[in-house]
Structures are given as structure tokens and as C-alpha cells.
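Got your viewer open and your selection syntax warmed up? Load the model and follow along, one stop after another.

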Amino acid sequence: MSISEQEIQDMVQNVLQNMSKGENPTINKTETKPKKLMGIFENIEDAIAAAKAAQKEIQPMPLEFREKIIVNIRKKTLENAKLFAELGVKETGMGNIGHKILKHQLVAEKTPGTEDLTTIAWSGDRGLTLIEQGPYGVIGAVCPSTNPTETVICNSIGMLAAGNSVVFAPHPSAKNVSNLAIDMVNRASTEVGGPQNLVVAVEEPAMEVSKIIFGHKDISLLVATGGPGVVTSVLSSGKRAMGAGAGNPPVLVDETANIPKAAEDIVNGATFDNNLPCIAEKEVVAVKSIADELMYYMEQAGCYHANEEEVANLISAVFIEKNGKKMLNRQCVGRSAKMLLNKIGVTVGDEIRCIIFKGEKTHPLIAEELMMPILGIVEVRDIDEGIEVSVELEQGNRHSAHMHSTNVNNLTKFGKAIDTAIFVKNGPSYAALGFGGEGYATFTIASRTGEGLTSAKNFTKSRRCVMCDALSIR
Ligand code: NAD
């Protein structure tokens, strides 16, 4: 049975209303209770069993059919981009609605589907051998609060294209909107005659639920998109796991760069969705001879140059102590520059989109991954010191780094030294996601385990298929 677009819109309006009343849309017990979300279970064991059954249904279906489901997921994502953006910002308090709409459009249009799966063949006197890419089965996928629905939808497209079903573990602080995206993916399947429960989750995601997923016999691959804690957890699970972990991407600017353009690109990249993407510029390393010029143009591009006292106040606002440990204040993560400045008593207009200051490489607002539009600028003597400092600031995450330069030797030297999954040259960081750059999109960048920008082929097992002494017609 398929549900009409109008019914989905009604349900979503219901969700929005309930969220504004502070009610959980999935467990609201009042008269206005929305329809049950498809693929969302009370109990994790039931969710996993349903995903296992759905995978058994989808595996024998032709690739063409998987593609039909994916086409519908893309269509529905485009139709609901604004809604997911609004709900995401509302539920998490983080990010920028306009940018989140763009991120959903990017996921819908540039996440690879079944075309990503390829075959390797050997043909000769002894027959024909193929390496085919087959599904793992049921995948357990942990999603972050920073790109909640973007990750659910992007992973769904890639993982389903590869023939898997997925048990998601959304971030608890983004559970409502994430579960709504899971519902949308299942409806996209059932509308074209596919199974329901291709992707599932529970009403109340929690660490204990994730632990069950990580140890469950019916889950054969784990994919963690998040901070160091969850990546370490999945890598210690004893299962095959992919870790798409944290970064602290430096952007290096040398004296040969087009400085006004570099300034504009850096500010555009660092302010995209309020600096939430893990690939976004998190600090600037600039050669001394152009550092002031760069900062001048960054101010022209909408940056507020904070003075020493304001920077000290920002440190107090951005970090909190919990159990004797310095932690990021979640009330500051993904907030706009205007809002952050407001927290320290500085009032600015909407034209201000980023905060800049000069600092040492050990400065807490530079050395930590903040996910806020705050950019510290570290001055260095020359390109060699710039490379050394940037490598140090990247902290061995091997995630992302960026550079502005017209010197091919400097670009090459930095690329080799930093050794990251992503290295954008002369553009904003989001070019790496295919947004203003060539290539496909993903929101799961497996930096720690080496797959890099993941797509359907990464969610497959390699299978050698051998026909002896026949089918070679050479
Ligand atoms: P987070 O680590 O707080 O949470 C991510 C997910 O992991 C959530 O679902 C959370 O519930 C779960 N989780 C956290 N610790 C866990 C543990 N010990 N065991 C089991 N589950 C656990 O991250 P966040 O704040 O939502 O997202 C931001 C972080 O994720 C940043 O560090 C960012 O760089 C990183 N990130 C990386 C990528 C990538 O593709 N490499 C993409 C997005 C975000």
C-alpha cells in the first residue's frame, strides 16, 4: 500500500507542530498522533529482524529495481529538502537552513547509485573469471548530529544500491528528523513496489542500543560517521567496520595565492552550514608576507576581526568543564558568527558570517575542532614552516586539508606531507563534496579506515565468480 504525497505532507506538518510543542512526534500519545513512521521500531531486536527480512527481499531483485527505488529517494529528498533543513536546525539548534537545503539537494543529485558497482573480468583459455561486488547483508550505520538527515539519506542511497539493508543509529539529539528521513526512504521503496523496512531505527536511539547493534550476529558491517568515540567503538567491535571520524582541516595560504579569491573561498567554505561539515576549513595557516592582506580581504568577505579580550571571552563561551574535562559547549557548535558574538556581548549585523583573529598554533580555538565559524590565523615564516604547522594542526586525522597557491611544487609538497583523504586546492572546502568541484557527493568520509569518500562500491563484498574452460570467445 502506498501513501500519497499529500498524506506525507500532512504527517510532516503534524511532526512540525508537535516539535514546536516540544512533543516527540514518534511517541506522541494524543489525538493528533501522527501516523507511525515506516521503519521505526520500539525495540532494536525487532528493527534488526525487519531489516534482515527486507534485505532477503531486495537481494534477488534486479539492479534496475534497486535503481527505481533510488530514483524515488532522490525525488522525495528534493521535494522535502526544505522541510528536512528546517526540522534539522529546529531539533539540533545547529546549522543554517539555506545551506542545509543545498546539502540535501547535493545528496539527491550527486550520491552515486547502482552505476557505482563495477565488474573486473579475466578471460582466456581456461574460461572466464569475474570479480563481482555483492552486498554485505545488513549494515549498522551510526549518524552524527551535524549532518543528520544528509547522512541518513546519502548512506541509504549508497548502501541500498549495493543491495544491503541498514539499521541506523541516529544521534539522540537529532532522532526525530533522522527517523523522518528513514520513513521517507521506506516510503520511496514501497511506492514503487519495493519492500518496507529497508532502513530501520528505533524510536529512542541511545548508546545502549548502539552497543546491541555493534555486537549483533545479523549485522555484518558497521559504518560510523561521527567523532573519535564512536569510531573507536566500531573499530573495537570485532566486526568489519568503517570509521568516518573527526578532522581539524587546516587551510594553507602561500605568497603565490590569489589573495582576494583565497579569502572569499575560505570564508565561504568555513561558514557553510555554520562550519558543521567535518571537511570545512577550521583554521588558517598563512605565510607572514601575505597574512595581513589575507585578513583584510577576509574582513571584506564578512569576517569580524576579534580583539584580544573578545577572543578570551570566546574561549570562555566555547569551552565548558565537565567532570574535570574541558569540553566543547554544545550551545556554541554550529551557531552563526552573529550568535557567537552575541554570547560575548558583541552586536553585529547579518553581514558578519565569520570571526577571525591571529593566534599561535597551540591556541585552544585553533588546535581544537570547533565546528563554529571561528577561524584563527597562524602566521608562518615560509611554505616549509606552513606545511609543518598544518600537519601538526591536522593531528594525524588524515581527514581534510586545503591550500591556496599557484606554485605547483608547493601544492605537491603539501599534498604529500598532509596525506589526507581530501585536499582541495584553490577553492572552498565543499568543492570536495562535488559542490562547485568535480566528483560525486558523500557525507561519510572514511578518513580513519582509508576508504575516503564512500559510495556504493565501499558497501560491497568482493566475490570471485569462475567459469572453467568456457565463455571465453577470443
Ligand atoms: P558524536 O561523536 O557526538 O556522535 C556521532 C554518533 O555517534 C551519534 O549517533 C552518537 O550517538 C554516537 N556515539 C558517540 N559516542 C559513541 C560511543 N562511544 N559509542 C557508540 N555511539 C557513540 O558526533 P557529532 O557531534 O554528532 O558529530 C560531529 C563529529 O563527527 C565531528 O568530530 C565531525 O568531524 C565528525 N564527522 C565526521 C564525518 C566524516 O565523514 N568523517 C562526517 C560528519 C561528522
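## First stop: H399

Pick H399 to begin: its relative accessibility is 0%, so it counts as buried. Keep in mind as you click around that this is a predicted model. H399 sits in the loop between helix 15 (383-394) and strand 16 (400-404). Now show polar contacts: the H399 side chain reaches the backbone oxygen of G245 at 3.4 Å.

Next, expand the selection to the contacts of H399, skipping neighbours within four places in sequence. You should pick up G245, A246, G247, C278, I279, E394, T420, A421, I422, I445 and S447.

While you're in that loop, select Q395, which also lies between helix 15 and strand 16. Is Q395 buried, exposed or partly exposed? Partly exposed, with a relative accessible area of 46%. Check the backbone too: Q395 has a positive phi of about 60° although it is not a glycine.

## Zoom out

Back to the whole chain for a moment. Colour by secondary structure and you'll have 16 helices and 20 strands to look at. The C-alpha trace spans about 70 × 65 × 40 Å along its principal axes. How does the radius of gyration of the protein chain sit against that of a compact globule? For 474 residues the globule value would be near 23 Å, and the chain has 23 Å, which agrees.

Colour by accessibility next: buried residues make up 59% of the 474 residues. If you like contact maps, plot one: among contacts with a separation of 6 or more, 73% are between residues 24 or more positions apart.

Now select 42-440. An unreviewed UniProt entry lists this range as "domain: Aldehyde dehydrogenase". Over residues 42-440 the chain is 44% helix and 20% strand, and the end C-alpha atoms are 35 Å apart.

## Helix 11

Select 288-300, which is helix 11. Put a distance on its end C-alpha atoms and you get 19 Å; at 1.5 Å a residue, 13 residues should span 18 Å, so the two agree. Then show the side chains of I290, A291, L294, M295 and M298, which are buried. Look down the axis: these residues cover an arc of only 150°, which puts them on the same side of helix 11. The general background is that an α-helix has 3.6 residues a turn, so residues three or four places apart point the same way.

Rotate to the other side of helix 11 and you'll find S289, D292 and Q300 exposed. What do the buried residues pack against? Highlight strand 9 (250-253), helix 10 (259-271), strand 10 (283-287), strand 11 (303-305), strand 14 (354-358) and strand 15 (374-380). Before leaving, click G302, just after helix 11, where phi is positive at about 105°.

A short hop takes you to N274, in the loop between helix 10 and strand 10. N274 has a relative accessibility of 9%, so it counts as buried. Its phi is positive, about 55°, although N274 is not a glycine. That's worth a click because most residues other than glycine have a negative phi.

## Helix 8 and V230

Select 207-215 for helix 8, and show V209, S210, I213 and F214, its buried residues. Down the axis of helix 8, these fall within an arc of 140°, so they line one face of the helix. Flip to the other side of helix 8 for E208, K211 and G215, which are exposed. Among the elements covering the buried residues are helix 2 (44-58), strand 4 (138-142), strand 5 (165-169), strand 6 (199-202), strand 7 (221-225) and helix 9 (228-235).

Step into helix 9 and select V230. Setting aside neighbours within four places in sequence, V230 is in contact with V142, F214 and A224. Draw a distance from V230 to G243, 13 residues apart along the chain: their C-alpha atoms are separated by 8.3 Å.

## Last stop: K36

Finish with K36, in the loop between helix 1 (5-20) and strand 1 (40-41). At 54% relative accessibility, K36 counts as exposed. Not counting residues up to four places away in sequence, K36 touches F41, D183 and R187. For a final ruler, go from K36 to P364: the two are 328 residues apart along the chain, and their C-alpha atoms are separated by 45 Å.

Conventions
Residues numbered from 1 in each chain as written. Predicted model: local features only at pLDDT ≥ 70, side-chain atom pairs only at ≥ 80, totals over all residues. Heavy atoms only, no water. Helix = DSSP H or I, 4+ residues; strand = E, 2+ residues; numbered from the N terminus. Expected span 1.5 Å × (residues − 1). Buried < 20%, exposed > 50% of the residue type's maximum accessible area, 1.4 Å probe, protein only. Arc of directions from axis to C-beta. Contact = heavy atoms within 4.5 Å. UniProt positions renumbered as here; feature names shortened; annotations may be inferred. Polar contact = N/O pair within 3.5 Å; in protein donor to acceptor, adjacent residues only side chain to side chain. Rg over C-alpha atoms; globule rule 2.2 N^0.38 Å.
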